[in-house]
Amino acid sequence: MSTNIVWHHTTITKEDRRKRNGHHSCVLWFTGLSGSGKSTVANAVSKKLFELGIQNYVLDGDNIRHGLNKDLGFSAKDRTENIRRIGEVAKLFVDSGQFVLTAFISPFAQDRELVRSLVENNEFIEIYVKCPLEECEKRDPKGLYKKARNGEIRDFTGIDSPYEEPVSPELTIETHLHSIEECVNKVIAYLRDRHFIKGES
Ligand SMILES: Nc1ncnc2c1ncn2[C@@H]1O[C@H](COP(=O)(O)OP(=O)(O)OP(=O)(O)O)[C@@H](O)[C@H]1O
Ligand SMILES: [Mg+2]
């Protein structure tokens, strides 16, 4: 690890950027089983925020594993490092005055808590995308459950690797009970209630 590193404070602050944007900046951390709907809902929320003129960006599991984290696999150690790096990137987005929506299974509570600890109190919104395993397996949008059941994929969350449910997430959306639109509206209403974005909920 490098030692001769000194933090250089930026001239334009996070508050300056938020003021110009006219909204808060924070991490919307979607967590849940594969196929629960993290990417679907995160992208739908992103579109809605975009239409409202709110600066935002989606960090999605598969895309990040193609680039930044392509050296990482799915062992417990690599999953932890995967989330740590995403957390650091998410923090930079918050600092840039934007909403950052992350769509990672992030099965370990400790890893999610680490990301929470990287940012300030009102900057981490944990959104539990809740959906029964049976329903996720029925959806199987990428055919991954089938492969996991066949033994073609090992350490698959929900099959032979654990998913630790969030204990007190800021929000829970149940995608087997509510439509995509209803799930999006719940997230937007939450952001309005907390005055993170303008408008009546
Ligand atoms: N209410 C809902 N919210 C979100 N997705 C839904 C809902 N109802 C049905 N679906 C469907 O469920 C699937 C969810 O897939 P998606 O790729 O979003 O999951 P994911 O959680 O990102 O999985 P992974 O961790 O593998 O990336 C999609 O095919 C989507 O159309
Ligand atoms: Mg996804």
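The following exchange concerns salt bridges and nonpolar cores in a predicted model.

Colleague: On what basis are residues numbered and values computed in this predicted model?

Modeller: Residues are numbered from 1 along each chain as its sequence is written, while chains are lettered from A and ligands numbered from 1 in the order in which they are written. Local features need pLDDT of at least 70, side-chain atom pairs count only at pLDDT 80 or more, and totals for chains, interfaces and linings use all residues, with side-chain values resting on heavy atoms and leaving out hydrogens and water.

Colleague: How many salt bridges does the rule count?

Modeller: Side chains of opposite charge can pair when their charged atoms come close. A salt bridge is defined here as a side-chain nitrogen of Lys or Arg within 4 Å of a carboxyl oxygen of Asp or Glu. By this rule the count is 16.

Colleague: Which residue forms a salt bridge with Lys47?

Modeller: Helices (H or I, at least four residues) and strands (E, at least two) are DSSP runs, numbered from the N terminus. In helix α2 (residues 38-51), Lys47 and its partner are four residues apart, so about one helical turn separates them. The closest N and O atoms are 3.2 Å apart, and the partner of Lys47 is Glu51.

Colleague: Are Glu126 and Arg112, which form a salt bridge, buried or exposed?

Modeller: The closest N and O atoms of Glu126 and Arg112 are 2.7 Å apart. This pair links distant parts of the chain, with Glu126 in strand β4 (residues 124-130) and Arg112 in helix α5 (residues 109-118), 14 residues apart. Buried means under 20% relative accessible area, exposed over 50%, and partly exposed in between (1.4 Å probe, protein chains only). Because Glu126 has a relative accessible area of 3% and Arg112 is at 1%, both count as buried.

Colleague: Which element gives the most residues to the largest nonpolar core?

Modeller: A nonpolar core is a set of buried Ala, Val, Leu, Ile, Met, Phe, Trp, Tyr and Cys residues joined through side-chain atoms within 4.5 Å. The largest has 25 residues, of which Leu28, Phe30, Val45, Leu49, Phe99 and Leu191 touch the most other members. Two or more residues come from each of β1 (27-31), α2, β3 (99-103), β4, β5 and α8 (180-193). With six residues, the element that gives the most is α8.

Colleague: How many residues are in the second, separate core?

Modeller: In soluble globular proteins, nonpolar side chains tend to be buried together. The second core includes Ile64, Ile83, Ile86 and Ala90. Its number of residues is 14.
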